[in-house]
Amino acid sequence: MPRITATVAGPSRVVVTNGSDVPQYGLQLYAVARDGSRVVAAGRAAIPELGRHGRATTALQLTGSTAGRPLEV
């Protein structure tokens with residue numbers, strides 16, 4: 001099974017790592033920022049190709065404002 005991890009690297013950036021020997025294609029990332037149970041920002045990004053043991057940094061297209069709240073990817 002592929003081992004994909006996503007780590008928030010800034011207000012709208014994510015680092016994605018493929019920890020497996022299998023290249024990944026068409027990865028979709030989704031993120032939200034919450035204020036309690038209320039979603040205050042949401043976004044997405046796509047990574048067309050992530051090679052075996054590869055790493056990519058991508059920007060999320062966010063709608064709303066995180067206003068200092070952490071993103072969940």
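Which residues does Ile 47 touch, not counting residues up to four places away in sequence? I began my notes with that question. I kept in mind that this is a predicted model.

**Entry 1: Ile 47 and the core**

I listed the contacts of Ile 47. Leaving out residues up to four places away in sequence, Ile 47 touches Val 16, Tyr 25, Gly 26, Leu 27, Leu 29, Ala 56 and Thr 58. I then looked up the largest nonpolar core, which has 14 residues. Ile 47 is among the members that touch the most other members, along with Val 16, Leu 29, Leu 50 and Leu 60. Next I asked which strands each supply at least two residues of this core. They are strand S2 (13-18), strand S3 (24-35) and S4. S4 gives the most, with 5 residues.

**Entry 2: the hairpin of S1 and S2**

I moved to strand S1, residues 4-8. S1 pairs with S2 in the antiparallel sense, over 5 bridges. I picked out one residue, Thr 7, and found that its bridge partner in S2 is Val 15. The hairpin has 4 residues between the strands. In this hairpin, Gly 10 takes a positive phi near 160°.

**Entry 3: His 53**

Where is His 53 found? I placed His 53 in the loop between strand S4 (38-50) and strand S5 (55-59). His 53 is not a glycine, yet its phi is positive, near 55°. I checked its exposure next. His 53 counts as partly exposed because its relative accessibility is 47%, and the partly exposed range runs from 20% to 50%. For its contacts, I again left out residues up to four places away in sequence. His 53 touches Asn 18, Gly 19, Ser 20 and Asp 21. I also looked up its distance to Arg 69. The two residues are 16 apart in sequence, and 30 Å apart in space from C-alpha to C-alpha.

**Entry 4: Ala 67**

I turned to another loop. Ala 67 sits between strand S6 (61-64) and strand S7 (71-72). Its phi is positive, at about 45°, although Ala 67 is not a glycine. Is Ala 67 buried or exposed? I read off a relative accessibility of 56%. Ala 67 therefore counts as exposed, since the cut-off is over 50%.

Note on methods
Residues numbered from 1 in each chain as written. Predicted model: local features only at pLDDT ≥ 70, side-chain atom pairs only at ≥ 80, totals over all residues. Heavy atoms only, no water. Buried < 20%, exposed > 50% of the residue type's maximum accessible area, 1.4 Å probe, protein only. Contact = heavy atoms within 4.5 Å. Core = buried A, V, L, I, M, F, W, Y, C linked by side-chain atoms within 4.5 Å. Pairing = 2+ DSSP bridges.
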